[in-house]
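Work through the exercises below with the sequence and model at hand. Try each task before reading its solution.

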Amino acid sequence: MLAYLQNIAVLFCVNAMLAVTLNFIMGYAGIFSLAHAIFFGVGAYTAANIAMHFSDSLLLCVAGAVLVSGALSMVLALPALRVRGEYFVAASLGLQVIGVTVFSEWKSATGGLGGLVGIPPPTVFGHALATPGEFLGLAAGGLAAVLLITTALLRGSFGRSLMAIRDSESAAQAAGKWVAAVKTLSVAVSAGLAAVAGAIYAFYMSFVNVEGFMLETSILLMAMVIIGGTGTVFGPIIGAALLMLLPPALTYLPFLPPSELGTVQQIVYGSIMVLLMMFRPGGLVGGRRKRGKA
Amino acid sequence: MLFIQLFINGIQTGALYALIAAGFSLIFGTTRVFHVAHGATFTLAGFVFYELYTVLAWAWPLAALGAAAAAAVFGVLVDRYVYSVIQRHEAAFFTVFVASFGLAIVVQNLIAIGFGRGLVTVPTPLSKSLELLPGLYVAPMAAVAVLCAIVAFGLLQWLLTHTNLGLALRALGENPELVRVYGLTPRRLSQYVFLIGSLLAVPAAILTAATSGLNPAMGHHIMLISIAATIVGGVGSLRGAAVAGLLLGMAENLSLAWIDPQWSEAVTFVVLFLFILFRPGGFFGRAVTS
């Protein structure tokens with residue numbers, strides 16, 4: 001039972017990290033990305049490759065994952081600078097599809113559909129992390145770090161520039177903000193921190209394949225942010241907690257056949273998305289407050 | 001011979017994509033709703049046809065009518081009871097988009113519960129391939145697909161250019177405020193748009209069921225293709241969406257001559273990505289980037 005709870009807690013931390021980083025660009029920069037799972041994946045594959053071929057030092061692997069993912073995020077920043085609204089959503093969808101194809105076809109780096117097996121446990125100052133308890137500590141630490149970094153950035157002048165751009169790009173530009181740089185940097189920060197979650201996930205599972213980084217994951221992450229409340233600090237965490245608890249909670253319903261659990265779970269979160277958008281578009285935490293114009 | 005085979009397959013796929021994209025483009029161009037649940041309309045119509053024709057063994061015109069009714073009712077109800085409720089208090093496109101996405105997920109999984117996750121096929125007398133030339137197989141269904149597309153586009157063109165309703169719909173895409181000033185209700189018109197747009201997905205759904213079969217998750221692919229064709233063709237241009245749909249279908253099949261099939265979807269989206277970066281207005285569209 002304890003192992004089961006620890007497993008859920010680690011996965012919750014990973015998902016909450018992803019939701020928080022997605023919220024960073026969705027809620028504060030107005031960049032509605034459907035390609036977040038790609039950066040999660042890039043982080044996981046990069047960390048796995050470094051650990052398997054070069055060094056199993058946790059710091060090195062995470063740093064590598066952050067750098068690669070941050071650099072690749074420029075592909076997402078490009079359309080974010082040129083188009084808004086529906087066009088950007090379409091561009092990010094395109095990126096998601098292209099990314100999944102690359103993940104499943106670039107066999108030398110990602111192991112193809114079979115994935116990468118046997119990722120060694122990471123070492124911190126010579127000590128190898130192996131027990132679930134240590135991983136829980138690592139994941140919780142990661143979540144705390146991500147929260148700290150994003151909140152610190154948002155509290156400062158960077159966050160204010162970001163929100164100014166979200167609310168009116170031309171006004172922000174007229175006020176002397178360097179719009180392109182702020183947007184690009186926000187995308188890079190979000191992708192880089194998502195890669196941290198990817199690295200932790202890869203080490204925890206000691207196995208990665210493309211299944212975890214498909215469009216469904218991006219949608220699930222978007223649902224976490226939206227259900228919790230876009231543009232709030234704790235919204236994404238609450239959203240992640242709710243959606244992570246949903247599958248174990250559904251197993252307690254006696255009348256559901258186990259084979260349909262995944263399906264029922266998707267129906268439930270699909271319906272929650274529809275109903276929330278109709279009656280409470282700010283999410284559970286955001287209340288009825290109107291969001292900034294998309 | 002392989003090339004001719006792929007070319008014919010491409011025309012068949014392209015004709016169906018053109019129909020689907022035209023429906024999505026009509027809805028997006030006139031009401032500005034990013035109706036990603038259009039893929040769900042398609043899947044729903046396909047499975048209703050399967051249930052009526054293959055399982056209950058109705059005559060095909062009746063089954064097709066049933067599928068059309070299901071698609072039309074779904075489209076209109078979604079507009080009326082979901083989108084219009086959201087638009088009453090919130091104009092942001094993303095809210096509507098998320099609700100639409102949620103709907104698509106719900107429909108896909110309901111269908112998966114009802115019919116299973118596997119592929120279902122609808123065998124018809126016309127779906128068996130004939131060997132026209134040595135090594136060249138063509139099902140009569142391909143000709144039906146092209147014919148359906150031509151007839152549907154003819155009707156749509158006539159509706160939009162020769163009737164008062166068509167005039168009003170085009171005006172709605174240009175300037176909803178002016179339509180209201182003129183004494184028409186944009187909400188009522190929007191219902192017609194969803195009716196017509198959803199109906200356009202029906203022939204494609206039935207023909208897909210009869211040729212390559214259906215599975216509950218195919219709505220995703222349909223949605224991606226509609227979005228790609230609408231943007232590459234140019235938002236607000238039906239002609240653009242149709243041409244882009246045809247080209248995407250051709251590209252998907254012809255590219256098989258050079259690359260592995262796993263890459264064909266990625267090729268489509270590289271094209272889409274480049275269009276959004278360098279020519280967001282598409283082939284025929286106005287350059288809207290807001």
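Two residues are in contact if their C-beta atoms, placed from the backbone, lie within 7 Å. The model is predicted: local features need pLDDT of at least 70, side-chain atom pairs count only at pLDDT 80 or more, and totals for chains, interfaces and linings use all residues. Residues are numbered from 1 along each chain as its sequence is written, while chains are lettered from A and ligands numbered from 1 in the order in which they are written.

**Exercise 1. The interface**

Task: state how many residues of chain B are in contact with chain A, and which helices of chain B supply at least two of them.

Solution. Start with the count: 38 residues of chain B contact 38 residues of chain A. Next, assign them to helices, which are DSSP runs of H or I with at least four residues (strands are runs of E with at least two), numbered from the N terminus. Helix 3 (60-89), helix 4 (93-115), helix 9 (218-233) and helix 11 (264-278) of chain B each supply at least two residues. Helix 4 of chain B gives the most, with 15 residues. Finally, sort by class: Ala, Val, Leu, Ile, Met, Phe, Trp, Tyr, Cys and Pro count as nonpolar, Asp, Glu, Lys and Arg as charged, and the others, Gly among them, as polar. The side of chain B that touches chain A has 29 nonpolar, 7 polar and 2 charged residues.

**Exercise 2. The fold of chain B**

Task: describe the secondary structure and the overall dimensions of chain B.

Solution. Chain B has 11 helices and 2 strands. Along the sequence the pattern reads α-α-α-α-β-β-α-α-α-α-α-α-α. The C-alpha trace of chain B spans about 65 × 45 × 35 Å along its principal axes. Now test the radius of gyration, taken over C-alpha atoms, against the globule rule of 2.2 Å times the number of residues to the power 0.38. For 290 residues a compact globule would come near 19 Å, and chain B agrees at 19 Å. Then check the contacts: of those in chain B with a separation of 6 or more, 76% join residues 24 or more positions apart.

**Exercise 3. Two helix crossings in chain A**

Task: give the angle and the axis distance for helix 3 of chain A against helix 10 of chain A, and for helix 2 of chain A against helix 3 of chain A.

Solution. Axes are lines fitted to C-alpha atoms, for helices over the stretch in contact, and angles run from 0 to 180 degrees between N-to-C directions. Helix 3 (residues 58-72) and helix 10 (residues 179-205) of chain A pack at about 140°, with axes 8 Å apart. Helix 2 and helix 3 of chain A cross at roughly 140°, their axes coming within 8 Å. Angles under 35 degrees count as roughly parallel, over 145 as roughly antiparallel, 65 to 115 as roughly perpendicular and the rest as oblique. Helix 3 and helix 10 of chain A are therefore oblique. Helix 2 and helix 3 of chain A are oblique too. The contact of helix 2 with helix 3 of chain A divides into 11 nonpolar, 4 polar and no charged residues.

**Exercise 4. A:Ala47**

Task: is A:Ala47 buried or exposed?

Solution. Locate A:Ala47 in helix 2 (residues 36-53) of chain A. Apply the cut-offs: a residue is buried if 20 or more other C-beta atoms, placed from the backbone, lie within 10 Å of its own, exposed if 12 or fewer, and partly exposed in between. A:Ala47 has 32 C-beta neighbours inside 10 Å, so A:Ala47 counts as buried. Beyond four places in sequence, its contacts include A:Cys61, A:Ala65, A:Gly198 and A:Ala202. The C-alpha atoms of A:Ala47 and A:Cys61 are separated by 4.8 Å.
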